[in-house]
Amino acid sequence: MPLDLVTAGESHGPALVAVVTGLPAGLRLDRDAIDADLRRRQEGYGRSPRQKLEQDRVEVLAGLRHGLTLGSPLALVVSNRDHANWAWGMNPWPPEGEPKGKGTTPVTLPRPGHADLAGVRKFGHDDVRNALERASARQTAVHVAAGAVAKALLGEIGVSVAGTVAEIGGATTVTGWKQATDEARADRDTLGGVVEVRADGVPPGLGSYAAKGDRLDARLAAALMGIQAVKGVEVGEGFALARKRGSEAHDEIEPDLLRATNRAGGIEGGVTNGERIVVRAAMKPLPTLMRPLRSVDLDTGEPGVALVERSDVQAVEALAVVAEAAVAWELAFAAREKFGGDALVDFVAAHAAYLERIRWPHQR
Ligand SMILES: Cc1cc2nc3c(=O)[nH]c(=O)nc-3n(C[C@H](O)[C@H](O)[C@H](O)COP(=O)(O)O)c2cc1C
């Protein structure tokens, strides 16, 4: 069975849920490691006060016994502490008593750049909140939990994945990021940035060139573009390659099959080539501005300004963690596809036998 992930959950609903299927039995999960990734997602210089309130922790409802996967669906839950303040407004059932807390009045002023206007039109909602609650990047918390599970599986075959920040608001140093964030906050504006994810120890031969949906570069691009606010993806040197000559763009093959350069970012023909995987994702500035942009009241048709709701100035550090989880998930998917196995030992043995057959990495 292929690795699969289904998630559910609204930003201020009771909880976020992920169901992971297709894991081998016998994989050891470390609760602290999952919680550490959840915490990393919440950190960052430009985050809103909500992150202090949430303090995300994973709960496991199924598929795990004494820390080992059972080979059955794994059910992960991350609770929304903030739901207590939205208990009336985001009640799954018709709420009883007088409206109280947050989310009790409909939102009618859509934010440019968010899913607000597209969402209410598409689904026929009267209240923009019915669209924004699911469109919100709060749901990335549970993707990070699933990514931590994927990293545990990859660790069994010696693969590691790490996401880092490359740019925030055009700045490329830590002091520059902070300064740009402080300036944007003072101006009640927002920023975007660029993150990079690297994966080491990935064997050659994951993915395929046989069909477009098999290409690992295509899958990684889809996974990264599937994250809120990501508007560009590069594999290896990406767009810069378009400005080079072929003689300067490709990675020559040395006698030991090593490459002196890695401009391809570890993927040729949609297949991993054994070099480090390098992908980058560009994030647009966040759409919720404390000095809101022009909008229209969907109730009255009158011009107005967009919804202002507690929001991050920038979330690029968080994106690095979410992108790391997305890349880990795709690599774990491709590894399950190639090495299979119902029990973890079968998966690990298939990986070892394959490396033996291709004499990797001894042949390098
Ligand atoms: C980790 C993370 C945190 C985000 N935080 C915010 C936020 O606080 N405020 C906001 O307006 N958008 C935030 N976004 C971006 C919006 O969720 C996103 O722009 C929106 O869902 C519309 O989707 P699109 O930008 O892909 O078109 C965040 C995105 C990520 C990945």
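**Close-ups of the ligand site and two pockets**

**View 1. Lys-284 reaches the ligand through its side chain.** An N or O atom in the side chain of Lys-284 lies 2.8 Å from an oxygen atom of the ligand. Keep in mind that this is a predicted model. Lys-231 makes a similar pairing: an N or O atom in its side chain sits 3.0 Å from a ligand oxygen. With Ser-311, the ligand atom is a nitrogen, found 2.6 Å from an N or O atom of that side chain. How much of the ligand does the protein bury? On its own the ligand would expose 620 Å², and the protein buries 87% of that.

**View 2. Here is the shell of residues around the ligand.** There are 18 residues around the ligand, and the ones that come nearest are Ala-229, Lys-284, Thr-288, Ser-311 and Asp-312. Lys-284 and Ser-311 are familiar from the first view, where the Lys-284 side chain pairs with a ligand oxygen and the Ser-311 side chain with a ligand nitrogen. Sorted by type, the shell splits into nine nonpolar, five polar and four charged residues.

**View 3. Zoom out a bit and you get the largest pocket, the space that the ligand takes.** This pocket holds about 830 Å³ of space. It is lined by 39 residues, with His-114, Ser-136, Ala-137, Arg-138 and Asp-312 closest to its centre. Asp-312 turns up here again, having already been listed among the residues that come nearest the ligand. Which elements each supply at least two residues of the lining? They are helix 2 (50–54), helix 4 (129–135), strand 9 (230–235) and helix 9 (316–339). By type, the lining breaks down into 16 nonpolar, 11 polar and 12 charged residues.

**View 4. Next up is the second largest pocket, with about 310 Å³ of space.** Its lining is made up of 17 residues, and those nearest the centre are His-143, Ala-223, Gly-226, Ile-227 and Ala-326. Two or more lining residues come from each of helix 5 (140–155), helix 7 (216–225) and helix 9. Which of the elements gives the most to this lining? That would be helix 9, with five residues. Helix 9 also supplies at least two residues to the lining of the largest pocket. As for residue types, the lining of the second largest pocket has 10 nonpolar, six polar and one charged.

Methods:
Residues numbered from 1 in each chain as written. Predicted model: local features only at pLDDT ≥ 70, side-chain atom pairs only at ≥ 80, totals over all residues. Heavy atoms only, no water. Near = heavy atom within 4 Å. Polar contact = N/O pair within 3.5 Å; in protein donor to acceptor, adjacent residues only side chain to side chain. Areas by Shrake-Rupley, 256 points an atom, 1.4 Å probe, with all protein chains shown as cover. 1 Å grid on protein atoms, 1.4 Å probe; cavity = no way out; pocket = protein on both sides within 12 Å on 5 of 7 lines; lining within 4 Å. Sits in = over half its atoms within 2 Å of the grid points. Nonpolar A, V, L, I, M, F, W, Y, C, P; charged D, E, K, R; others polar. Points joined across faces, edges and corners; volume = space filled by probe spheres on them. Helix = DSSP H or I, 4+ residues; strand = E, 2+ residues; numbered from the N terminus.
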